[in-house]
Amino acid sequence: MNYTFRDCTNNDVEFILNLKELCLKWYVEKIYGWDKEVQRQKTLNELSRLAENMRIIISDDKDIGVTAFYENNGVYVVGLIMIHPDYQKKGIATSIIEEYIKTAKAENKKIIVKTYVKNPARKLYNRLGFILKSIEGTHAYYEIDFSGKKQVHKEPVIETERLILRPIKLSDAEAMFEWNSDPCVAKYMSYPCAKDIQQTIDFIKGTFADEKEWNWAFVLKDGNKLIGSGGIGPNNEMEGYWGIGYNLHYDYWHKGYCTEAMKAIVDFAHKELGVNRICSEHAVDNPRSGKVMEKLGLTYHHDGTITKFDGSETFKAKFYTMEIEE
């Protein structure tokens, strides 16, 4: 959805106050109680402190939100972002924050945001790659660090009945190469069968650099053996959907591990990232992968094709989707 900005002035106090009441009141009231005059004074203080950095968001020739973004001691701060409820869930906040992230990344600086623990926007920050650094009282503090300091993996450790799902590490390359280089495993995957372990190393490094996709290693609790990997991220072909993918060592096929792992990943994406629409696909000649999708709750959507990344092969494919109710 298209939007523009204008400078914020003292004349916007009532607009911002009304936005706060529409967007924040329901959870601020639970924490502190809601006093409109107190909120008015806070808004005036924000305008005094952030006036040069606050902008009103405009869409359809109407004021529909407010945001603040500024640099403080070499760190970028998302000081504020509120969108009128009628214009939420249209990608506006996502687009604005993505631009803020690009600014911080281009200058190799950290970007931080502070939000109420109860604020549903936490899912947006998680989805965009922010890492929760701390929870202090009623507030949560997030950051992405482009300053060159070591960045902690955004993926949390998830435990299932038989597996530990953890962030992928470079030291996993040897184990992952076992199935990346197996023609039986790679046959219907998008990637070509790996010929050299460097291809696997490059893949792992790619997961580190990807800010939108979430990827986990599947580790058996019994024996601590890495047996597969899988992930979820925005789908480039189906707008609004997040695609899932998974890969498993041949010796561990047909034992329910993929279903177990991906159920946990989909559950995480829904609860923590606010993802409600899931999609995936499998080669027609690989129906067992479709069985995993069906067990996850996905249903057939349409026919299509899958082409390997190097263009070497194209397969007839079935595409599946799922919409999770709130």
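# Questions about a predicted model

Me: What joins β5 to strand β7 (residues 139-145), and in which sense do they run?
Reply: Seven bridges join them, and the two strands run antiparallel. One bridge pairs Val 113 with Tyr 142 in β7. Keep in mind that this is a predicted model.

Me: What makes β5 and β7 count as paired strands?
Reply: Pairing needs at least two bridges between the strands. β5 and β7 have seven, so they count as paired.

Me: How do you know that β4 and β5 pair, and which way do they run?
Reply: Four bridges join strand β4 (residues 75-83) to strand β5 (residues 110-116). At least two are needed, so this is a pair. The two strands run parallel. Val 75 stands opposite Lys 110 in β5.

Me: What lies on the path from β4 to β5, and why is the crossover called right-handed?
Reply: The chain passes through helix α4 (residues 92-106) on its way from β4 to β5. Point the strands away from you. A path that goes clockwise from the first strand over the helix to the second is right-handed. This β-α-β crossover is right-handed, so its path runs clockwise in that view.

Me: What makes β8 and β14 edge strands?
Reply: First, the sheet. It is open, has eight strands and shows mixed pairing. Its order is β8-β9-β10-β11-β12-β13-β15-β14. β8 (158-159) and β14 (299-307) each pair on one side only, and they are the edge strands.

Me: How do you know that β14 has a partner, and in which sense does it pair?
Reply: β14 shares eight bridges with strand β15 (residues 314-323). The rule asks for at least two, so they pair. The sense is antiparallel. Asp 303 stands opposite Lys 318 in β15.

Me: How do you know that the length of helix α9 agrees with its number of residues?
Reply: Helix α9 (residues 257-273) has 17 residues. At 1.5 Å a residue, they should span 24 Å. The end C-alpha atoms are 23 Å apart, which agrees.

Me: Why is α9 called mostly covered, and what comes just after it?
Reply: Of its 17 residues, 13 are buried, so α9 is mostly covered. Just after α9 comes Gly 274, with a positive phi of about 75°.

Me: Why is Asn 126 called buried?
Reply: Its relative accessible area is 12%. Buried means under 20%, so Asn 126 qualifies. This residue lies in helix α5 (residues 121-127). Leaving aside neighbours within four places in sequence, Asn 126 is in contact with Tyr 142, Trp 214, Glu 272 and Leu 273.

Me: How do you know that Cys 23 is in no disulfide?
Reply: A disulfide needs two cysteine sulfur atoms within 2.5 Å. For Cys 23, the nearest cysteine sulfur is that of Cys 8, 15 Å away. That fails the cut-off, so Cys 23 is in no disulfide. Cys 193 fails too: the nearest cysteine sulfur, that of Cys 184, is 9.2 Å away. The count for the model is zero disulfides.

Me: Is Cys 23 buried or exposed, and why?
Reply: Its relative accessibility is 12%. The cut-off for buried is under 20%, so Cys 23 counts as buried.

Me: How many helices and strands does the protein chain have, and what share of its residues is buried?
Reply: There are ten helices and 15 strands. Buried residues make up 45% of the 326.

Notes:
Residues numbered from 1 in each chain as written. Predicted model: local features only at pLDDT ≥ 70, side-chain atom pairs only at ≥ 80, totals over all residues. Heavy atoms only, no water. Expected span 1.5 Å × (residues − 1). Buried < 20%, exposed > 50% of the residue type's maximum accessible area, 1.4 Å probe, protein only. Contact = heavy atoms within 4.5 Å.
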